[in-house]
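Subject: The structure I promised you

Hi there,

Here is the structure we talked about, with the sequence alongside. Have a look at it first, and then read on for what I found.

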Amino acid sequence: MCKGMNRTLWHVMTSGLKVQEAMQMKLEGEVKAINPDDAYYLLEAARSVVVVPGYGLAVAQAQHALKELQELLEANDTLVSYAIHPVAGRMPGHMNVLLAEADVSYEQLFEMDDINPRMASFDVAVIIGANDVVNPAAREMAGSPIYGMPVIHADEARNVLVLKRSMATGFAGVENPLFLKPNCSMIFGDAKETLGAIIRQFSD
């Protein structure tokens, strides 16, 4: 996990000392909250979608609903891929296990280094419960405690859709400027319920 974060074990254990300083950094922009109906129209029009799963997917036990949405998107001639960060979740391989439980094909799973060069080609990046592993502060904010940590460049997709319970920070306790970018929309609530609402729109 330390290798995936580009951090020493000592840095991981003591990085909380710098979080307060990072939280004082000024972030500009406004959060754009949408509902599942709006998300449906965005996804229905997309020809390529990349999903970035995180710990929130596990908490909501939403992997089977996600697979159902994947199948509906594919029936709509949309290419669906998954971007897997090596430390997403609470253990290495956590996301791979969850997606395997839902019978997601291994061929659709792409590691961070393989998917990042393609990120700008996706119509929509759907982030489900991931926070730190998609935080562009790791690339853009030299004063951030996570600066230099390898992350998935989800912000480079044409549109970003974030499913999240709240604006709370992730494990690192660092604010995420992705949520304020103009191409980002957020749906607040339980991921399984949100996915279910989008699925019903496709079914109708």
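**A buried asparagine in a loop**

Let me start with Asn116, which sits in the loop between α8 (112–115) and β4. Is Asn116 buried or exposed? Its relative accessibility is 11%, and as the cut-off for buried is under 20%, Asn116 counts as buried. Its side chain reaches the backbone nitrogen of His153 at 2.8 Å. Setting aside neighbours within four places in sequence, Asn116 is in contact with Val151, Ile152, His153 and Glu156.

**How far to trust the model**

Please keep in mind that this is a predicted model. The average pLDDT of the protein is 87, and 86% of the residues score at least 70. Two stretches call for care. Over residues 3–7 the pLDDT is below 50, and this stretch has 18 contacts in the model beyond near neighbours in sequence. Over residues 16–24 the pLDDT is also below 50, with seven contacts beyond near neighbours in sequence. Where pLDDT is low, the predicted coordinates should not be read in detail.

**The protein as a whole**

You will find 10 helices and six strands. Of the 204 residues in the protein, 51% are buried. Among contacts with a separation of 6 or more, 80% join residues 24 or more positions apart. The protein exposes about 9900 Å², and carbon and sulfur atoms supply 52% of that area.

One pair that is distant in sequence is Glu28 and Lys181: they are 153 residues apart along the chain, yet their C-alpha atoms are separated by 8.5 Å. Glu28 belongs to the loop between α3 (19–23) and α4, and it is exposed, with a relative accessible area of 75%.

**Three helices worth a look**

Helix α4 (36–45) comes right after a capping residue. Asn35 caps its N-terminal end, with a side-chain oxygen 3.0 Å from the backbone nitrogen of Asp37. Which residues of α4 are buried? They are Pro36, Ala39, Tyr40 and Leu43. Seen down the axis of α4, these buried residues fall within an arc of 105°, so they line one face of the helix. An α-helix has 3.6 residues a turn, so residues three or four places apart point the same way. The face of α4 turned away from the buried side carries the exposed residues Tyr41 and Ala45. On the buried side, α4 packs against β1, α6, β4, β5, β6 and α10.

Helix α7 (residues 94–101) has His94, Met95, Leu98 and Leu99 buried. These four cover an arc of only 120° around the axis, which puts them on the same side of α7. What covers the buried residues of α7 includes β1 (48–53), α5 (55–60), α6 (63–75), β2 (79–84) and β3 (109–111).

Helix α10 (residues 191–203) has 13 residues, which at 1.5 Å a residue should span 18 Å; its end C-alpha atoms are 18 Å apart, in agreement. This helix is capped too: a side-chain oxygen of Asp190 lies 3.0 Å from the backbone nitrogen of Lys192, at the N-terminal end of α10. The buried residues in α10 are Ala191, Thr194, Leu195, Gly196, Ala197, Ile198, Ile199 and Phe202. They pack against α4, α5, α6, β4 (124–128), β5 (159–164) and β6 (184–188).

**Two aspartates with a positive phi**

Most residues other than glycine have a negative phi. Where does the model depart from that? Asp77 has a positive phi, near 65°; it is found in the loop between α6 and β2. At 64% relative accessibility, Asp77 counts as exposed. Asp103 also has a positive phi near 65°, and its place is just after α7, in the loop between α7 and β3. Asp103 is exposed, with a relative accessible area of 60%.

If you open the model, you could begin with Asn116 and its contact with His153, and then turn to the buried face of α4.

Best wishes

Notes
Residues are numbered from 1 along each chain as its sequence is written. Side-chain values use heavy atoms; hydrogens and water are left out. pLDDT is the predictor's confidence in each residue, from 0 to 100. Contact means heavy atoms within 4.5 Å. Buried means under 20% relative accessible area, exposed over 50%, partly exposed in between (1.4 Å probe, protein chains only). The arc is that of the directions from the helix axis to the C-beta atoms. Accessible areas come from the Shrake-Rupley method with a 1.4 Å probe; for residues, only the protein chains shown count as cover. The expected span of a helix is 1.5 Å times one less than its number of residues. A polar contact is a pair of N or O atoms within 3.5 Å; within protein, one must be able to donate a hydrogen and the other to accept it, and residues adjacent in sequence count only if both atoms are side-chain atoms.
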